[in-house]
Amino acid sequence: MKVLRNPQSLENLREKLVSARDPSQPLIILSSGTCGRANRSDEVAQVFREELSKRTVNGGIGLRITGCLGFCEREPIVVVHPQKIFYPSVKPDDVEEIISETVVKGNVIDRLLYVDPASGEKFRYEHEIPFYKKQQPLIFGDNIRLDPKSIEDYIAVGGYGALAKVLSGMDPEEIIDIVKRSGLRGRGGGGFPTGVKWESCRKAEGEQRYVLCNADEGDPGAYMDRSVLEGNPHSVLEGMIIGAYAIGADEGYIYVREEYPLAREHFNIALKQAREYGILGENIFGSGFGFDVKVSRGGGAFVCGESTALMTSIEGKVGEPRAKHVHTVEKGLWEKPSNLNNVETWANVPLIINKGWEWYSKIGTERSKGTKIFSLVGKVNNTGLIEVPMGITLREVIYDIGGGIRGRKRFKAVQTGGPSGGVIPESLLDLPVDFERLTEAGSMMGSGGMIVMDEDNCMVDIAKYFVNFLRDESCGKCTPCREGLIQMYEILDDITEGRGKKGDIEQLEDLAWVMSNTSLCALGTTAANPVLSTIKYFGDEYRVHIEEKRCPAHVCKALVQYHIDEEKCTGCAVCLKQCPVSAIAGVPKEVHRIDASTCIKCGICYDVCKFDAVVVE
Amino acid sequence: MEKLIIDGIETEPDPSKTVLEVAQELGIHIPTLCYHRSLSPYGACRICTVEIIWRGRSRLRTACTYPAWEGEVKTNSEPVRGARKLLLELMLAEAPASVEIQELAREYGVEQSRFKVGDEKKDNRCIQCGLCVRMCEDVMGVSALGHKNRGYRRSVTTPFDRESDVCTTCGACEFICPTGAITVKQITDRPVTRIASEFELGLKERPCIYVPFPQAVPNKPVIDRDHCMFFQNDACRICEAVCQPQAIDYKQEEKIVDEEVGAIVVATGYELFPLEQIGEYGSGRYKNVITGLQFERLLSASGPTAGEVRRPSDWAIPKEVVFVSCVGSREPELYKPYCSKICCMYTLKHAMLYKHRVPDGQPYVFYIDVRAGGKGYEEFYQRGIEEDGVLYLRGKVSKIFEEDGKVVVWGVDTLTGKKVEIAADMAVLASAIVPSEDAKELANKLKMAIDEHGFMTEAHPKLRPVESLTFAVYLAGCAQAPKDIPEAVAQASGAASKVVALFSEEELHHEPTIATVDEDLCSGCGVCVSVCPYDAREHDPEKHVAKVNEVLCEGCGSCIAACPSSACQLVNFKDCQIFEMLKAAMSEKGS
């Protein structure tokens with residue numbers, strides 16, 4: 001029987017697992033989260049297995065398939081131990097060479113090393129790479145150290161130690177006090193103090209309480225929760241069990257969206273393994289405390305990330321929010337006190353218990369503690385998931401970690417907080433990233449999306465994109481959100497299509513006011529943020545669209561014209577051949593012309609012209 | 001404890017209620033669209049937005065969902081009006097065809113929305129408040145409706161967008177929709193059960209809970225159990241939810257009331273001979289062929305058309321109306337041989353009132369002869385013909401049928417001998433007066449005699465016209481025979497006087513002619529007990545003979561005729577006395 005009957009047996013098991021492992025033995029680590037698999041990490045893993053099976057005679061070469069290592073753009077990543085040599089973007093064809101050269105002989109394969117796009121410098125080890133240098137991976141750090149499908153791996157790195165500590169005689173109140181003092185705030189977007197929430201739930205009237213985990217990450221371009229669940233599911237589970245003990249719940253749910261099959265698979269495996277070891281179920285570690293978690297699949301509606309909609313969805317009804325003047329910690333799932341935290345929040349809990357609130361509260365700013373995982377995407381050189389301490393400036397994130405803007409383009413803005421967030425302009429690049437500062441700037445922390453935009457991004461178009469997303473993703477229950485977004489979209493569409501008129505901005509502001517003040521849930525009250533923040537920082541761009549019928553970023557097709565610079569055109573006919581609607585006329589070696597009436601403004605000629613002779617105005 | 005102040009009115013906070021409920025109790029009006037008392041608060045339309053000021057912070061919240069905690073509430077402040085105005089602009093762009101939304105918007109100074117109305121929305125009335133869906137699911141327990149899609153594509157529909165076979169056609173969705181956006185027809189092909197109002201003689205519908213008629217005594221609603229969703233399906237209970245004094249009691253049962261009385265006046269009234277039985281006039285199939293009583297409802301200010309003369313098929317104003325007298329009356333071969341007595345005058349009244357309401361209309365009256373035998377009746381008749389131009393045609397109507405939306409009346413003018421055909425908009429039939437359906441049963445219970453037509457028989461046609469043959473049971477009105485209002489009132493007054501006279505005496509007088517039993521002859525066979533219509537006979541088990549209850553005995557003689565041993569005799573009319581009388585009479589004659 002595997003069941004761990006007391007905290008000591010966990011420690012014994014850990015020691016046994018650690019002593020069985022020899023760190024000097026060669027070990028191949030291959031990252032294979034969803035992002036890795038999108039880059040054929042599955043095939044790479046298969047080739048590794050085949051190649052290694054051929055070499056059983058040599059033996060002793062370990063292979064660990066892990067979750068995402070954050071550098072999504074360069075997945076799949078292979079790290080070869082004990083030297084810790086780092087190869088990004090590994091292809092199946094590279095496998096044989098990695099084994100024969102690096103693993104067996106210890107040689108570094110130069111062509112596979114990481115080249116920093118900004119400096120052109122080559123790096124051998126992960127910790128040297130600028131992308132990783134400024135990060136502080138407290139949550140994410142263990143991903144590389146464990147196979148998410150193995151509870152033994154998790155236990156070997158100290159996993160479930162926090163739970164054992166808690167169940168070795170800590171009072172629930174004491175735990176809540178630690179979490180409160182740590183300053184941990186909800187990572188789902190709201191930033192509500194976690195300990196205070198736990199305390200309210202513990203004190204709420206009622207016998208049955210629920211502990212819930214929100215894994216319905218829906219922001220476009222944000223996937224940190226997915227990667228945590230895929231790469232280290234036990235850390236989330238451990239957090240939930242500790243939370244349940246502190247709150248007095250014996251039942252929990254994790255709400256995972258349907259689009260995250262791998263995360264669900266890994267979490268289900270984690271649940272099964274935890275039950276086998278007696279870490280879930282009745283009488284955990286002989287403490288008398290019992291708890292179990294069920295997995296609830298979401299259909300992928302963005303609104304189901306909203307707490308009440310999520311609970312309604314778990315109840316089996318249509319996921320629509322309801323008024324929560326009475327908080328969900330008092331009346332939540334099935335009207336019972338329910339404590340809902342986000343994946344990342346739960347994953348923070350074991351850390352705080354293990355290392356103490358004093359340690360945790362030293363990280364971050366005055367009111368925002370700890371680290372935060374962001375998904376850094378958009379026009380930066382290095383995209384991926386980054387875990388940084390709160391209070392880091394946007395400049396550090398974008399230039400030091402992100403490696404600056406791609407190409408020779410100029411930074412324009414960074415969008416944070418997902419569809420409910422806003423854009424932050426260049427003038428605020430030195431803004432420290434924490435809950436308060438971002439809100440003051442008209443954006444929000446949200447769940448941690450960070451989309452970097454350059455001069456080629458039209459801000460009206462960006463606002464339209466988010467409004468369109470929300471128009472579709474709003475549940476449609478309340479009037480201001482549903483109809484307000486419809487009308488906002490119409491106005492923005494008019495502006496980008498050249499039908500903008502005087503008073504449009506004022507109408508947008510009126511709509512924003514009524515939406516943010518009268519909407520039923522946070523989706524509606526924050527839905528106007530992308531519009532308001534773009535008006536606030538890029539109002540001129542709106543005015544140019546409306547008054548001059550011009551799109552400075554050349555994005556809004558109705559407002560741009562393509563023509564050929566006669567001086568630069570060499571008459572190479574490349575554009576002429578590529579034009580899908582034959583709008584370009586001309587003979588070789590003579591200046592070509594674009595017929596504006598046929599041109600569909602697809603931009604292919606602009607992209608293919610080697611002489612910059614195609615001009616967009 | 002801190003107070004809750006709504007628009008300056010102080011009240012006790014009560015978190016078990018919402019701000020909306022407390023405001024309504026205080027008589028403060030807050031507009032609502034997605035709210036209904038029988039449903040739990042939903043908070044979708046947001047029109048009930050109010051300003052909540054608590055601890056110095058002002059926020060807009062919906063009154064229908066916000067608990068009545070302590071603090072200050074402003075229901076009509078500047079930001080509140082501003083928010084409602086914008087919401088209404090949005091709704092107006094969403095549901096431009098809804099009159100209700102247009103009116104509400106106007107209250108907030110919005111005539112025209114600034115926002116775009118999509119082409120697909122031009123005829124839309126739905127504001128997605130979800131009342132119909134919640135009503136169907138939460139209250140009726142049916143789920144024949146639901147929302148599909150989300151966001152800007154959200155709409156209300158039936159399961160799988162198909163004609164719904166789960167719909168019970170209860171109509172609650174149509175009833176509750178605040179913007180007139182939904183009808184049962186949109187949901188199911190099955191016909192909707194409409195309940196015809198009994199009082200309006202089928203000219204109007206009525207709900208399951210209704211006041212039987214205006215000025216009903218007591219003026220209280222009743223529940224129609226045969227149609228009520230609660231009694232039929234254990235659902236609904238809306239009336240219970242909306243009744244603020246909580247007067248709805250589903251456990252009420254019909255009761256039998258026992259009263260001891262000294263006299264009974266039978267005034268069971270009349271009914272009309274059913275048109276269904278008159279085949280030549282369409283057997284009641286034609287909507288625009290109605291009875292005089294139905295026409296009376298059309299003329300009534302509290303009737304289905306609020307007093308305007310309109311025909312039932314399309315509620316158009318009829319330009320030609322044919323009135324037919326003696327329908328079923330004075331027809332010994334087929335229907336009733338008697339004259340219904342009131343039809344001549346009410347038909348005339350109807351024709352005249354019709355002419356007054358529809359001055360360019362033409363009334364025709366088919367008659368056998370006009371019986372205007374009452375004070376002022378003849379003058380009234382002359383006025384109708386001369387002043388109001390009612391056209392009287394002497395003759396019977398042979399057939400009535402519908403053709404091209406017209407009511408075609410075939411008749412004959414016996415004065416000219418010509419056939420007459422009128423294509424009218426409506427026909428009003430003066431159907432014969434017949435006794436109430438259950439009058440016969442009552443007559444049996446009261447041991448009263450009825451005639452061949454079912455009218456109650458008076459004790460004597462000339463000398464005792466208000467009394468029945470049963471002691472202390474009197475007659476009034478059409479229970480006895482067709483009669484008009486003055487006559488009915490006169491008879492009722494007479495009956496009442498008789499009751500007063502009866503009650504004013506110290507002792508009850510009774511006819512001395514009653515039955516007796518010669519105990520020596522009586523064998524105790526009990527035949528007399530079974531034949532006595534007044535329960536005046538009983539069996540004496542000790543003596544084993546029959547007895548007579550002298551108060552109950554009316555001296556009818558049934559027992560005397562039935563007694564096999566001639567033990568029963570009528571006091572003062574014993575056989576021997578009769579024979580002696582006969583003998584004396586014969587001898588006188590002989591002498």
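Which residue takes a positive phi in the hairpin of β19(B) and β20(B)? I would like to open with that detail and then step outward to the domains and the contact between the chains, keeping in mind throughout that what we are looking at is a predicted model.

The residue is B:Gly417, whose phi lies near 80 degrees, and the hairpin to which B:Gly417 belongs has four residues between the strands. The strands themselves, β19 at residues 406-413 and β20 at residues 418-424 of chain B, run antiparallel and are joined by seven bridges, and within this pairing B:Gly411 stands opposite B:Val420 of β20(B).

Moving to the domains, the assignment for chain B gives domain 1 (4-120), domain 2 (130-186), domain 3 (262-506) and domain 4 (515-587), and the centres of domain 1 and domain 3 of chain B, taken over C-alpha atoms, are separated by 55 Å. Chain A, for its part, is divided into domain 1 (25-81 + 85-124), domain 2 (145-361), domain 3 (371-454), domain 4 (459-548) and domain 5 (561-616), with 46 Å between the C-alpha centres of domain 1 and domain 4 of chain A.

Finally, the contact between the chains takes 28 residues from chain A and 27 residues from chain B. On the side of chain A that touches chain B, α18 (459-473), α19 (479-496) and α20 (504-518) each supply at least two residues, and the largest share, nine residues, comes from α19(A). As for composition, the residues on that side of chain A divide into 11 nonpolar, nine polar and eight charged.

Technical notes: Residues are numbered from 1 along each chain as its sequence is written. Chains are lettered from A and ligands numbered from 1 in the order in which they are written. This is a predicted model: local features need pLDDT of at least 70, side-chain atom pairs count only at pLDDT 80 or more; totals for chains, interfaces and linings use all residues. Two residues are in contact if their C-beta atoms, placed from the backbone, lie within 7 Å. Ala, Val, Leu, Ile, Met, Phe, Trp, Tyr, Cys and Pro count as nonpolar, Asp, Glu, Lys and Arg as charged, and the others, Gly among them, as polar. Domain bounds come from an automatic or database domain assignment. Two strands pair if DSSP finds at least two bridges between them.
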